[in-house]
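Work through the following exercises with the coordinates open, and compare each step with the solution given beneath the task.

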Amino acid sequence: MKVCIAEKPSVAREIASVLGATTKRDGYYEGNGYAVTYTFGHLCTLFEPADYKPYWKSWDLNNLPMLPEKFEVKVANNDGIKKQFNIVKSLFDKADVVINCGDAGQEGELIQRWVINKANYKGKVERLWISSLTTEAIKEGFKNLKPSENYDNLYYAGFSRSIGDWLLGINATRLYTVKHGGYKQVLSVGRVQTPTLAMLVNRFKEIENFVPQPYWELQTLYRDTLFSYEEGRFLKMEDGEILANKVKEHEFEIVSTTKKKGTEYAPKLFDLTGLQVYCNTKFGFSADDTLKIAQKLYEKKAVTYPRVDTTFLPDDVYPKVKNILSKLTDYSTLITPLLNKKIKKSSRVFNDKKVTDHHAIIPTGMQTHLQYNEQQVYDIIVKRFIAVFYDDCKVSNTTVIGKAADVNFKTTGKEILSKGWRVVFESEKSNKKEDALLPTFVKGEKGPHEPSFIEKQTKAPNQYTEATLLRAMETAGKQVEDEELRDLMKENGIGRPSTRANIIETLFRRKYIKRNKKQILPTVTGIQLIDTIQNELLKSAELTGSWEKQLKDIEKGEFSASAFIRGMKRMVDALVYEVRSEKVQTRISAVNNKPVGKSKTKTKSKSQSLVGYSCPKCKTGSLLKGKSAYGCNLYGKSCDFTLPFRFGDKKISEKQFIRLLTKGSTVNLKGFKIEGSSQEGLLRFDTDFKLKFEPKQTVKKSTIKTGDVCPKCKTGKILQGKTAFGCSNYKVGCDFRVNF
């Protein structure tokens, strides 16, 4: 039996109908030698900290950094997910071959690989790789199934991304929350969300602190046309006044008129970010709204796979273009002129080198009933697709130079000679003012004019909107208008096209940012968090961009996942040391998060007594108090957990045991008798939930010298840096470091 596993029930249904697997079973479809099952998003997730070590559950600075040697995956703790996973596993156990039909991208590869690996399936795996869910695309995909190994690097990149986010997100969030979090305030810090928030805070402060600077412009009106001083603005009023007084005394004369014919190309096809930017600017949709709509259009077979970062099509799509266009009957007025001649093929549209796993978002040719907002998004995707096959727009750009005395002025205008692709968008209202069509000027003509010398002020930059923030994330904060240059910078952007909307939504959800009409502004908490984070690397858009580049290189097989993870571990280790050593103690409290009108009378809390606490070992029993120990009420039946009143000849208070259960350890206590001597230390649970003693750790003055053998890896030599001693093997993974 061939077992196909898709990412969603709806996708599994489409694939099953094409394959003839028409019998509906619990959790899968069956028929024609196939079983088609599905996940619903992440069935499997990375281990939680407490899954590695029970005491890591506690948010305690002493537990940081948490750097697992090996990262493990588990089935998510949800009854519905566990049931579906068991169905999938039982099908895998009977499978001759498994066909991975997950979304054809990094996240889709990761989701399915985790399930296949966790189910302990060892047989043959093939990969279905398609860009649309039409019957034709699915059939073609099954004819061209690829070996799963072809996508190993894609999986390694996805796994590395998850681990990087786990390492930095979990360690940094606990670190800053414990060190700087106030009343009920978790301070969430992440690999992508923190530099994104930093960009918003920096822009907000730049505007708040902006001091307008005066400048002056010299202009003149001649034949109802405004001419401006050719060399631009004046920073000193006196310089401009001299020329302003001079030109008043003379007539205006036309020196030259130059007409240059130019070409305007059709707007590029959409990648996801481009679509989100357009829909935010034009319709006011959030990035998340646009992604959800595009995903629905994909699942309705109306458009191709939307989570893409390229605006190009591969050459093998060209032969299909005429067929796609001919099916778009709702747009027949625009399409008929194209079908009567050979379809244009431009390198601005077709370029195999600019396409990796997927191409730009285009219509499939399937027309279906859509809701109003879906129709808006679909309409612009279709029109962009149609427009690139129209002729270029031909324009005439006119530049006119005039003078009064010997002071030159300039004006420009544009005339559209041939509309070309512009006819596709004629029905749309445009906010963009076209350059004015100029009157006919003749060289040497003269006449009166009205000069003006105007004082203006420099303006602060604009607050981010969702559209401009997406563009800033795409270019790691660099202001880039040129489309070609922006394409080159995409490899170093913050986040991936498919995750940027979620990052922005996460910042809203955590109340770090808020909306003011179209603007996105940081909240007081968001500003406080960025001000509190002294580590510039955490806030660096460029560093996050370089991580994205490394992840893309892993995908290409040009960088190793282990090197990326080692680098993240080194950074987390250094970050924890740095923040723990900070002298400044800032406390950030949740804004408007305090309860109002509560009675001040204290209620006796459960934490005042151990009796009734959930058993930490079996998780089902509860604690009782005996003559010499606390124990689980299931003791002697299914659990053997006990907590003796005394350890190392020392009585342990109930308060310390409560701390042990809630924080993972007692505080350091004096008076333990260990191996005949009195010692100070703390108590933890071992892996079998027995008490174990840890002597108090004292920070000793370093006696390390340059040239010594590294005490950790035993092969490297100690080097002296600017702020710390380190191992000469740091490039190959040894993270030994002692700060001065």
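**Exercise 1: strand pairing**

Determine which residue of E13 stands opposite lysine 260, and then establish how E13 is joined to strands E12 and E14 in this predicted model.

Solution. Start from lysine 260, whose partner across the pairing is asparagine 397 in E13. Next, widen the view to the strands themselves: E12, covering residues 252-264, and E13, covering residues 393-404, run antiparallel and are joined by 12 bridges. Then turn to E14, made up of residues 407-418, which also runs antiparallel to E13 and is connected with E13 by 11 bridges.

**Exercise 2: the hairpin**

Find the residue that stands opposite alanine 404, and identify which residue in the hairpin of E13 and E14 takes a positive phi.

Solution. Alanine 404 is placed opposite valine 407 in E14. The hairpin has 2 residues between its strands, and alanine 405 is the residue with a positive phi, near 60°.

**Exercise 3: a helix pair**

Describe how helices H18 and H19 pack, giving the angle and the distance between their axes.

Solution. Helix H18 (residues 541-556) packs with helix H19 (residues 561-580) at an angle of about 155°, and the axes lie 9 Å apart. Because angles over 145 degrees count as roughly antiparallel, H18 is roughly antiparallel to H19. The crossing of the two helices is left-handed. On the H18 side, the contact is made by Leu543, Trp547, Gln550, Leu551 and Ile554, while H19 contributes Ala561, Phe564, Met568 and Met571. Sorted by class, this contact of H18 with H19 comprises 8 nonpolar residues, 1 polar residue and no charged residues.

Methods
Residues are numbered from 1 along each chain as its sequence is written. This is a predicted model: local features need pLDDT of at least 70, side-chain atom pairs count only at pLDDT 80 or more; totals for chains, interfaces and linings use all residues. Side-chain values use heavy atoms; hydrogens and water are left out. Two strands pair if DSSP finds at least two bridges between them. Helices (H or I, at least four residues) and strands (E, at least two) are DSSP runs, numbered from the N terminus. Axes are lines fitted to C-alpha atoms, for helices over the stretch in contact, and angles run from 0 to 180 degrees between N-to-C directions. Angles under 35 degrees count as roughly parallel, over 145 as roughly antiparallel, 65 to 115 as roughly perpendicular and the rest as oblique. A crossing is left-handed if the near helix is turned anticlockwise from the far one by less than a right angle, and right-handed if clockwise. Contact means heavy atoms within 4.5 Å. Ala, Val, Leu, Ile, Met, Phe, Trp, Tyr, Cys and Pro count as nonpolar, Asp, Glu, Lys and Arg as charged, and the others, Gly among them, as polar.
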